[in-house]
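Good morning, colleagues. I should like to take you through one protein model this morning, beginning with a single residue and working outwards.

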Amino acid sequence: TFECFASESGQCHFVVYRERCPAPAPGTNPAACQRTTLDDFALGIGKTHEIRGIPQDFRQCVSKDSAAPSGCKG
């Protein structure tokens, strides 16, 4: 369950995603990670949003603006 506690803009913008980073081959640069967005939503202050069946290794980014924080969307 995600909740917006406070935001100067009046909304919290969430991106919930999963990231998979392959192991680099010996002697090479790391491969780019692949991100899969699971949910992308905005909540007003005091509101909640529940995601059922979310993987345990999920990650999240939260911003007060509709533009996602740097590095949030892949």
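Which residues does C12 touch, not counting residues up to four places away in sequence? In this predicted model, C12 touches C4, F5, A6 and S7, then F41, A42 and L43, and finally V62 and S63.

Let me place that residue in its setting. C12 belongs to the largest nonpolar core, a set of 8 residues. The other members are F2, C4, F14, V16, F41, L43 and I51. Two elements, β2 and β3, each give two or more residues to this core. The most comes from β2, with 3 residues. Please note that C4, F41 and L43 are core members, and that these three are also among the residues that C12 touches.

I turn now to the overall architecture. The protein has 5 strands and 0 helices, so the order of elements from the N terminus reads simply β-β-β-β-β. The chain has 74 residues, and 23% of them count as buried. The accessible surface comes to about 5,200 Å². Carbon and sulfur atoms account for 47% of that surface. As for contacts between residues at least 6 apart in sequence, 67% of them join residues at least 24 apart.

My next topic is charge pairing. How many salt bridges does a search of the whole structure find? The search finds 4, and I shall discuss three pairs, including one between D57 and R18. The closest N and O atoms of D57 and R18 are 2.9 Å apart. D57 lies in the loop between β4 (48–49) and β5 (59–63), while R18 lies in strand β2, so this salt bridge ties together parts that are 39 residues apart in sequence. Both partners are partly exposed: D57 has a relative accessible area of 35%, and R18 has one of 25%.

The remaining two pairs share a residue, E19. With R35, E19 meets in a salt bridge at 2.5 Å, N to O. This pair links distant parts of the chain, with R35 in strand β3 and E19 in strand β2, 16 residues apart. With R59, E19 forms a salt bridge in which the closest N and O atoms are 3.2 Å apart. Here R59 lies in strand β5 and E19 in strand β2, so the pair ties together parts that are 40 residues apart in sequence. E19, R35 and R59 are thus linked in a network of salt bridges.

Is E19 buried or exposed? E19 is buried, because its relative accessible area is 15% and the cut-off for buried is under 20%. Its two partners are partly exposed, R35 at 30% and R59 at 42%.

Finally, I draw your attention to C33. Where does C33 lie? C33 is found in the loop between β2 (11–20) and β3 (34–44). With a relative accessible area of 36%, C33 is partly exposed. Leaving aside its neighbours within four places in sequence, C33 is in contact with E19, R20 and C21. C33 and C21 are 12 residues apart in sequence, and their C-alpha atoms are 4.2 Å apart in space.

To close, I return to E19: this buried residue is in contact with C33 and belongs to the salt-bridge network with R35 and R59. Thank you for your attention.

Technical notes
Residues numbered from 1 in each chain as written. Predicted model: local features only at pLDDT ≥ 70, side-chain atom pairs only at ≥ 80, totals over all residues. Heavy atoms only, no water. Helix = DSSP H or I, 4+ residues; strand = E, 2+ residues; numbered from the N terminus. Buried < 20%, exposed > 50% of the residue type's maximum accessible area, 1.4 Å probe, protein only. Contact = heavy atoms within 4.5 Å. Areas by Shrake-Rupley, 256 points an atom, 1.4 Å probe, with all protein chains shown as cover. Salt bridge = Lys/Arg side-chain N within 4 Å of Asp/Glu carboxyl O. Core = buried A, V, L, I, M, F, W, Y, C linked by side-chain atoms within 4.5 Å.
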